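Let us take a walk through this protein together, one region at a time. Have the sequence and the 3D view ready.

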Amino acid sequence: MPSRLLASVVALAALAPLLPAAEPTDRDLLKAVERQRAAALAAAGPSLATVVVSHSERYPPRLASADAPGKLGEFDRKAFLAGSTDPVRTLLGRRLDLADPRSVADNSYGGGVVIDPAGLVLTNHHVVDGATKIYVRFPGGNGSYADVHAADARSDLAVLKLIRPPAGLRAIRLGEVRTDDAPDGTPANTAAGTWVLLAALAPDAGERDRPGGSMGMLTGVRRRAAATAPEHPPQRSLHHYDTLLQHDVRLHSGCSGAALLNLDGELIGLGTAMAAVTGGEAAAGYALPLDASLRAAVETLRKGEEVEYGFLGVAPSVGQAGPGGVAVGQVTPNTPAEAAGLRPFDVIVRINGRPVRTQDDLFLGVGSAPAGSRAVVRVRTLGRERDVTVTLAKLRHDLPFLASVRPDPVFGLRVEYASVLQQVNAQAGATSPDRPGVGVKDVAPGSPAAAAFKGADGAGGRWLVTHVDGTAVAAPAEFYAAARGRRSVRLTAVDYAATDPRPREITLP
């Protein structure tokens, strides 16, 4: 080859990486999508589970315990059938044994995801509500009976604790979810048009080893359940506010608890059929977004504790809402709002950087933050705006919850945020606390506290403890820090069911 031609070939070879690549064909693009779906499903698949739930009352009785309400235990089929040749009992034993794949058809089921390899599984509250037995099945056919570690109907989340966790469990990776621009200007990363994968472990006995998933996209964010919201906020779940992710992916009927994934196989939402009620959009699916507020709830449930939601202490002015904010109509005495200096006719513009345009924005902004957390509230007064930082109290709501881990009682006494007592009394038209303190939440039967705090056994709304050994307490953490480990404690308390509520001294034990 002549030297000049050889030099030209070498030059073209050197320039080849800089030349425009051939345009990918439609087939190339579709194959790339297929590969991405497969990679996302492979990443999340080992963390997916089917949660099989029985509501049968035919299980052998178990020892009930007020301190272990979620302890459902296992089912021993051999023990149940011991000494029996009755074919009817044999069939019943098979149906009650949730570890038998054939029992799925006789019970309800949903999806779940592993959030801790030690044996914690996240699912929807409504999937396990009222369960008498729960069995969690994983890819490969392994599984375990489970107890309810903690559950919260307001967020529709529950964490299950496996009784015999299989080896090699893998926790799912969590993705970042932001449906609003952050206060620092960081743009939202989850919006309509985002590609997603809805993945679940098939419940059918013949398909139990094969996690599956369908691709689609988000068609909306910050959506709410199609059902009409209850009139009173204490009866509303977060479904009734603008919280849900809406998507166009369809799975089998047990899609509650299915994993909504981004294209990296990270969990960004938990599917729910709860929102898709009669009158809603038949083609739409919904998911709970694993954003910062819901991730905080998951972490609380992971610890087995009650999710406590924030309370500010303001009532909006009726009809005074719009693009400019929500006007304060009333400030409840002895609440975080009063302590922060909020007054009637102030206009709340933002909460933790999120705009407040409607009363629901206000309720969601406060009520999705944890009790005891600090919130930054932007307020406009006479045209001038200012930020105030408040420490939120606790919202009282009517929705069920379960917590397997609770504070150790002090001589049989457990306490609550005083704001709960305020809300109970306000709803009943009774006298509300007029000073800081903690409410009596419950007392153990037969304990020293039961003898001292008459009428406190579950009635609620009655007793307020203001001091422990002369030290003022205004939150449960302060009470337990002051009272734990003492041989005796002297409490200053007020009975708001009395004709003349006055402080009195109570010594325990």
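Is Phe411 buried, partly exposed or exposed? The model you are looking at is predicted, and in it Phe411 has a relative accessibility of 23%. Buried means under 20% and exposed means over 50%, so Phe411, at 23%, counts as partly exposed. To find Phe411, look in the loop between strand 21 (401-403) and strand 22 (413-417). The backbone deserves a glance here too: phi of Phe411 is near 50°, a positive value in a residue other than glycine.

Why pause over that sign? Most residues other than glycine have a negative phi, and most peptide bonds are trans. With that in mind, move to Asn334, which is not a glycine either and has a positive phi of about 60°. Asn334 sits in the loop that links strand 15 (325-331) with helix 7 (336-339). Because its relative accessibility is 24%, Asn334 is also classed as partly exposed.

The peptide bonds have something to show as well. Going from Leu508 to Pro509, the bond is cis, and its omega is near 0°. Pro509 belongs to the segment that comes after strand 27 (503-508).

Now step back to the sheet. Here 6 strands close into a barrel, and following them round gives the order 7-8-9-12-11-10, with antiparallel pairing. From one strand to the next, the twist averages 45°. Helix 2 (residues 26-44) packs on this sheet and touches strand 7, strand 8 and strand 10 (259-261). The direction of helix 2 makes about 95° with that of strand 8. For a closer view of one pairing, take strand 7 (residues 195-201) and strand 8 (residues 211-223): they run antiparallel and are joined by 7 bridges. Within this pair, Leu197 has Met215 in strand 8 as its bridge partner.

Finally, let us look inside. Which residues have the most contacts inside the largest nonpolar core? They are Val113, Leu122, Leu157 and Leu261, in a core of 39 residues. Helix 6 (residues 292-302) gives the most to this core, contributing 4 residues. Leu122 is a good place to explore: leaving aside neighbours within four places in sequence, Leu122 is in contact with residues including Val113, Ile115, Leu157, Leu270 and Val298. A second core, separate from this one, has 21 residues, among them Val438, Phe479, Tyr480 and Leu508. You have met Leu508 already, as the residue whose peptide bond to Pro509 is cis.

Conventions. Residues numbered from 1 in each chain as written. Predicted model: local features only at pLDDT ≥ 70, side-chain atom pairs only at ≥ 80, totals over all residues. Heavy atoms only, no water. Pairing = 2+ DSSP bridges. Helix = DSSP H or I, 4+ residues; strand = E, 2+ residues; numbered from the N terminus. Axes fitted to C-alpha atoms, helices over the stretch in contact; angles between N-to-C directions. Contact = heavy atoms within 4.5 Å. Buried < 20%, exposed > 50% of the residue type's maximum accessible area, 1.4 Å probe, protein only. Core = buried A, V, L, I, M, F, W, Y, C linked by side-chain atoms within 4.5 Å.
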